[in-house]
Amino acid sequence: MSATTLTPAQPAPGAPNYHRRKQIGAVLLYLLTIAIMIVIAFPMYWLITTSFKVPADAASNPPTIIPTRFTLDNYVNAFKTAGVPRAFANSIIVALAATFFTTILGSMAAYALAKSYLSYTIRRGLMIWILVTRIFPPVTTAIPYYVIVRNLHLGDTHVALIITYVAYGLPFVIWLMLGFFQDMPAEIEKAAIVDGCSFWQRFRRVILPLALPGLAVTSIFAFIYSWNELLYASMLTSFNAKTIPVVVSGFISDQFLRWGEMTAIGTLMVIPVLIFAAGAQRYLVRGLTFGAVKG
């Protein structure tokens, strides 16, 4: 009886090339990701570094990519400019108030449109009208809106800006929250009805806690819009309610550009947005588990 000899298994043809191609693909993917992140982060890097540059480096040609001389004079001079501290306070008041009312009113409207409390024809018509108002650019209604605000004697007030930002932010919030409410299981609301909850109790105690992820996302976008808006802020305010984007635009003239002060205020303007986004992120994570049905 002859003994059979066992030969070691041979690698499949092309296996080394496959692993090599996979490694090369992974390296290229990482390089592409790094390149995209550099492109995204470079404007922020340029903003921050320019705010600390001396005037000669800020306006140098070719530009100074990596500064070697730093100064805080840009921040000092920016806050010495008349109206800057007041403008920061106005922006915070207007942005927080507009975000609060936009999120609350928008979520209530989206909940009513997502459920069958209204007929299909009415709901569809309202949704189309809301979408149409979102499509119109704000500049098309700037002049008639200014006339209305002036006739109501609301010029240069926080109320005028808050109402404006709520009006223009509602369509976006409604359409964004509409998807969250439509995807919400109907059994949860039915259980609340069985427990004797009224419409407002269901919305406040059951629906809103479950919609916290959507509320967090919409509040971030609403805050960013209210914080950065320039057109209506420059048109409806003159001194008392002037916001920080209007002040920054005043650093641009036909004779010079105050790059140092502009970038200094621009850097500081990022901080409230980051703080608000960090706070909303906490509720975003909490909303994923809060209010779940327990067995």
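**Exercise 1. Work out how helix 7 and helix 10 pack, and which residues do the touching.**

Step 1: Start with the axes. Those of helix 7 (residues 158-182) and helix 10 (residues 212-228) come within 10 Å and cross at roughly 155 degrees. Axes here are lines fitted to C-alpha atoms over the stretch in contact, with angles from 0 to 180 degrees between N-to-C directions; helices are DSSP runs (H or I, at least four residues) numbered from the N terminus.

Step 2: Over 145 degrees counts as roughly antiparallel, so that label fits helix 7 and helix 10.

Step 3: Now list the contact (heavy atoms within 4.5 Å). Helix 7 brings residues including Tyr165, Phe172 and Phe180, while helix 10 brings Leu215, Val217 and Phe221, among others.

A word on the model: it's predicted, so local features need pLDDT of at least 70 and side-chain atom pairs 80 or more, while totals for chains, interfaces and linings use all residues. Residues are numbered from 1 along each chain as its sequence is written, and side-chain values use heavy atoms, leaving out hydrogens and water.

**Exercise 2. Find the largest nonpolar core and say which helix gives it the largest share.**

Step 1: A nonpolar core is a set of buried (under 20% relative accessible area, 1.4 Å probe, protein chains only) Ala, Val, Leu, Ile, Met, Phe, Trp, Tyr and Cys residues joined through side-chain atoms within 4.5 Å.

Step 2: The largest one has 21 residues, with Met177 and Phe203 among those with the most contacts inside it.

Step 3: Helix 7 supplies the largest share, 5 residues.

Step 4: Zoom in on Phe203: beyond neighbours within four places in sequence, Phe203 touches Ser107, Met108, Tyr111, Phe181 and Leu208.

Key
Helix = DSSP H or I, 4+ residues; strand = E, 2+ residues; numbered from the N terminus. Parallel < 35°, antiparallel > 145°, perpendicular 65-115°, else oblique. Buried < 20%, exposed > 50% of the residue type's maximum accessible area, 1.4 Å probe, protein only.
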